[in-house]
Amino acid sequence: EDKNMNNKNNSKSIKITVKNQVFEAELNNSETAQEFYEMLPMELDMEDVNRNEKFFRLSKKLTQKDINPDIINNGDIMLYGSNGIVVFYETFSTVYSYTPLGKIKNPDSLKRILGSGNVKIRFENW
């Protein structure tokens, strides 16, 4: 029996492509993550902010359920406000609040691949 069976129903895998490099991410089981998932596929021109995140403001608002995570981890995918998609590539402590969307599974090379400037990131169903 597959012990991941229960997880599979609640979370969704998505594919994130940056400069021909593919990452797998797991979206959480939230209304907001579901809304994001339903918008896929999309390619976003993400802007570098604070040298620790890539940011894009969607034209559509998603359900906001802010929490302060205290620690942001490399690979976290969050919603900032009601329409800011953020992909973090550094681990640090934060005073800001976000709505968690999911996590990139193997984010070790993420910082190197994302680089320091703006970057196109493609999000699609796995």
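In what order do the elements of the chain run from the N terminus on? In this predicted model, the order is α-β-β-α-β-β-β-β-β-β-β-α-β, and the chain holds three helices and 10 strands. The radius of gyration of the chain is 14 Å, close to the 14 Å that the globule rule gives for 126 residues, so the chain is as compact as a globular protein of that length. The C-alpha trace spans about 45 × 30 × 30 Å along its principal axes. Of the contacts between residues at least 6 apart in sequence, 63% join residues at least 24 apart. Buried residues account for 43% of the 126 residues, while the accessible surface comes to about 7200 Å², with 44% of it belonging to carbon and sulfur atoms.

The interior was examined next. In soluble globular proteins, nonpolar side chains tend to be buried together. The largest nonpolar core in the chain comprises 27 residues, among which Ile16, Phe36, Ile85 and Phe123 touch the most other members. When neighbours within four places in sequence are set aside, phenylalanine 123 is in contact with Ile14, Lys15, Ile16, Phe36, Leu40, Pro41, Met42, Leu44, Met46, Ile85 and Val87; Ile16, Phe36 and Ile85 thus appear both in this contact list and among the residues named for touching the most other members of the core. A second core, separate from the largest one, consists of six residues, including Phe55, Val86, Phe88 and Tyr98.

Aromatic side chains were then considered as pairs and as a group. A pair of aromatic rings is described by the distance of the centres and the angle of the planes. The structure holds five such pairs, one of which is formed by tyrosine 80 and tyrosine 96, whose ring centres lie 6.4 Å apart with the planes at 80°, so that the arrangement is edge-to-face, the angle being over 60 degrees. This pair links distant parts of the chain, since tyrosine 80 belongs to strand E6 (residues 76-80) and tyrosine 96 to the loop between strand E8 (92-93) and strand E9 (99-104), 16 residues apart. Tyrosine 80 is partly exposed at 35% relative accessibility, and tyrosine 96, with a relative accessible area of 47%, is also partly exposed.

Tyrosine 80 pairs with tyrosine 98 as well, the ring centres being 5.5 Å apart and the planes at 50°, so this pair is tilted. Here, too, distant parts of the chain are linked, with tyrosine 80 in strand E6 and tyrosine 98 in the loop between E8 and E9, 18 residues apart. Tyrosine 98 counts as buried because its relative accessibility, 4%, is under 20%, and it is one of the residues of the second core. Together with Phe88 and Phe92, the residues Tyr80, Tyr96 and Tyr98 form one aromatic cluster.

Two lysines complete the description. The charged end of lysine 12 sits over the ring of tyrosine 37, at 5.1 Å from its centre. Lysine 111 lies in helix H3 (residues 110-114) and, at 43% relative accessibility, counts as partly exposed. Apart from neighbours within four places in sequence, lysine 111 is in contact with Tyr89 and Glu90. The C-alpha atom of lysine 111 is separated by 8.7 Å from that of phenylalanine 88, although the two residues are 23 residues apart along the chain; phenylalanine 88 itself belongs to the aromatic cluster and to the second nonpolar core.

Conventions: Residues are numbered from 1 along each chain as its sequence is written. This is a predicted model: local features need pLDDT of at least 70, side-chain atom pairs count only at pLDDT 80 or more; totals for chains, interfaces and linings use all residues. Side-chain values use heavy atoms; hydrogens and water are left out. Rings of Phe, Tyr and Trp (its six-membered ring) pair if their centres lie within 6.5 Å; planes under 30 degrees apart count as stacked, over 60 as edge-to-face and the rest as tilted. Helices (H or I, at least four residues) and strands (E, at least two) are DSSP runs, numbered from the N terminus. Buried means under 20% relative accessible area, exposed over 50%, partly exposed in between (1.4 Å probe, protein chains only). A charge sits over a ring if NZ of Lys or CZ of Arg is within 6 Å of the ring centre and within 35 degrees of the ring normal. A nonpolar core is a set of buried Ala, Val, Leu, Ile, Met, Phe, Trp, Tyr and Cys residues joined through side-chain atoms within 4.5 Å. Contact means heavy atoms within 4.5 Å. The radius of gyration is taken over C-alpha atoms; the globule rule is 2.2 Å times the number of residues to the power 0.38. Accessible areas come from the Shrake-Rupley method with a 1.4 Å probe; for residues, only the protein chains shown count as cover.
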